[in-house]
Amino acid sequence: MELVVFLVSLFGFLALGIPIAIVLVLCSMVLMYYGGMWDSMFVMIIPQSMLDGANNYPLMAIPFFVFAGEIMTEGGLSKRVVKLAQLIIGRVRGGLGYAAIVSSVIFAGLMGSSVGEAAALGSLLLPMMAQAGYKPGRAGGVIASGAILGPIIPPSTNFILLGATVGLSITKLFMIGLVPGLIIGLCLMVTWFFIVRIDGYKEKIEFKKGEASKIVRDAMPAFMMPVLLLGGIRFGVFTPTEGGAFACVYAIAVCTLYYRELTFKGLLAVSARAARTTSVVMLIVATATAVGWFITSAQIPMQVAELFQPLVDSPILLLLSINVFLFLAGMVMDLTPNVLIFAPVFYPLIQQAGIDPYFFGLLFILNLGIGVITPPVGTVLYVVCGIGNIKIGNLVRNMAPFLIVEMLVLFLLLFFPSLSIEPMKFLMK
């Protein structure tokens, strides 16, 4: 019964339009009242749990990577990455669409955030795609569908949250997301190949003689950042948290000394934006920790285990059932609170079924990542619509082929675990 009370209160408060951080506190209070724990001693558990939830060393990586992403957007790395992507593949028919997908792959290795990636790429590419004659909804669909690579390709702030929440190695989570992210990028490009011919796009991106070397030279510092970052984490030069600090220092050095596009005033503005973004994320982390205490106290994980217990002997059916639930949850709630609320609930069940926890972590984040481009509460959809002045219905219709392909990749990974587990083992040797 406690599980029903929690889910009804959670989605009921969300339906009223209450911000998710406040919703989580209200859910804590509902569970506390329902469990007969409403007294002065238990009331103090909420602020204490919030403080403990935010006071978590691995989560320090989040503000670092958020700050690094903001610096790169402000300091000129973003537009140079787009130029490099256009040089790599823009000369073929429908080049801007291919360049958008390649840029999404590279941006994912720089920013680790789907919303940040969609905002940065959308502001750069949507005007260019409109000028080239692309349908607004189709152009927005390419940008939005590529944005889900942010939570998958390292460094992913969502993998950091997942690892810190259930005690998994963040380095291994980073490594298991790399190859599936590249597979998704490749499948999006194949999809675009057919869409180009259906929509009749003929545009190509041409560069003058001698421009290629300048573009490569300008983009190389940006391209080297994920290489140095992942290499440093993989070979133990620094931890993921220290890697976030390295990313900040590297981005500041490149943008101020090499590109010279980031001024001291601009750095202050970037710092303020990163602080605001981080404060929102950490408030959700803190309140999710509070509701997590009451979820555990109410034995909701045990109730979930009992609900799915008949499927424990069939890992595939269990994963299918959990993924259906997560897909529905991702449609109405953002990725971060979903990770913080449901990862601790499902993780013991996964252990009981003998499923690789890192494989489950990949499916978990990918599924919820698809949720950020799924109506009615797909945050990336509204970012792209706002930047491109696109109606939400138009965007969803034109994005449908990409969304279907990404869901097919999710099921492909589910039925063939070796596509993700074996590359992780190879990368961790």
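Reader: Why is Glu-261 called partly exposed?
Author: In this predicted model, Glu-261 has a relative accessibility of 31%, and because the class of partly exposed residues lies between under 20%, which is buried, and over 50%, which is exposed, Glu-261 counts as partly exposed.

Reader: What makes the pair of Lys-79 and Glu-261 a salt bridge?
Author: The closest N and O atoms of Lys-79 and Glu-261 are 3.3 Å apart, and since a salt bridge asks for a side-chain nitrogen of Lys or Arg within 4 Å of a carboxyl oxygen of Asp or Glu, the pair qualifies as a salt bridge. Lys-79, for its part, is partly exposed, with a relative accessible area of 41%.

Reader: Which parts of the chain does this pair link?
Author: The pair links distant parts of the chain, with Lys-79 in helix α6 (residues 77-89) and Glu-261 in the loop between α13 (240-258) and α14 (264-297), 182 residues apart. A search of the whole structure finds 8 salt bridges, and a network of salt bridges links Glu-70, Glu-74 and Arg-273.

Reader: How do you know that Lys-214 and Asp-218 form a salt bridge, and how are they placed in helix α12?
Author: Their closest N and O atoms are 3.2 Å apart, which falls within the 4 Å limit and therefore makes the pair a salt bridge. Because Lys-214 and Asp-218 are 4 residues apart in helix α12 (residues 211-234), they are separated by about one helical turn.

Reader: Why is Asp-218 called buried, and which class does Lys-214 belong to?
Author: Asp-218 has a relative accessible area of 19%, and as buried means under 20%, Asp-218 is called buried. Lys-214, at 46% relative accessibility, counts as partly exposed, because that value is neither under 20% nor over 50%.

Reader: What makes Glu-422 and Lys-425 count as a salt bridge?
Author: The N to O distance between their side chains is 3.9 Å, which is within 4 Å, so the criterion is met. Both residues lie in helix α21, 3 residues apart, about one turn of the helix, and both are partly exposed, Glu-422 with a relative accessible area of 43% and Lys-425 at 46% relative accessibility.

Reader: How do you know what the buried residues of α19 line?
Author: In helix α19 (residues 379-388), the residues Val-380, Leu-381, Val-384 and Cys-385 are buried. Seen down the axis of α19, these buried residues fall within an arc of 135 degrees, so they line one face of the helix. The buried residues of α19 pack against α8 (114-131), α9 (136-147) and α20, and α19 is followed by Asn-389, whose phi is positive, near 55 degrees.

Reader: Why is Gly-122 called buried, and what is it in contact with?
Author: Gly-122, which lies in helix α8, has 0% relative accessibility, and because this is under 20%, Gly-122 counts as buried. Leaving aside its neighbours within four places in sequence, Gly-122 is in contact with Glu-117, Pro-127, Ile-143 and Ile-387. The C-alpha atoms of Gly-122 and Val-384 are separated by 6.3 Å, although the two residues are 262 residues apart along the chain.

Reader: How do you know whether Cys-248 is in a disulfide?
Author: The structure holds 0 disulfides. For Cys-248, the nearest cysteine sulfur is that of Cys-255, 11 Å away, and since a disulfide requires sulfur atoms within 2.5 Å, Cys-248 is in no disulfide. Cys-248 is buried, with a relative accessible area of 6%, and Cys-27 is buried too, with a relative accessible area of 0%.

Reader: What makes Phe-416 eligible for the nonpolar patch on the surface?
Author: Phe-416 has a relative accessible area of 46%, and because patch residues need over 30%, Phe-416 passes that cut-off. Phe-416 is found in the loop between α20 and α21 (418-427). With Ile-316, Phe-411, Leu-412, Phe-415 and Leu-419, Phe-416 forms a patch with about 490 Å² of accessible area together.

Reader: Which helix gives the most to the nonpolar patch, and how far is Phe-416 from Gly-210?
Author: Helix α20 (residues 392-415) gives the most, with 3 residues. Phe-416 and Gly-210 are 45 Å apart in space, C-alpha to C-alpha, and 206 residues apart in sequence.

How values were computed
Residues are numbered from 1 along each chain as its sequence is written. This is a predicted model: local features need pLDDT of at least 70, side-chain atom pairs count only at pLDDT 80 or more; totals for chains, interfaces and linings use all residues. Side-chain values use heavy atoms; hydrogens and water are left out. Patches are made of residues with over 30% relative accessible area and no salt bridge: like charges are joined within 9 Å, nonpolar side chains (Val, Leu, Ile, Met, Phe, Trp, Tyr) within 5 Å. Accessible areas come from the Shrake-Rupley method with a 1.4 Å probe; for residues, only the protein chains shown count as cover. Helices (H or I, at least four residues) and strands (E, at least two) are DSSP runs, numbered from the N terminus. Buried means under 20% relative accessible area, exposed over 50%, partly exposed in between (1.4 Å probe, protein chains only). The arc is that of the directions from the helix axis to the C-beta atoms. Contact means heavy atoms within 4.5 Å.
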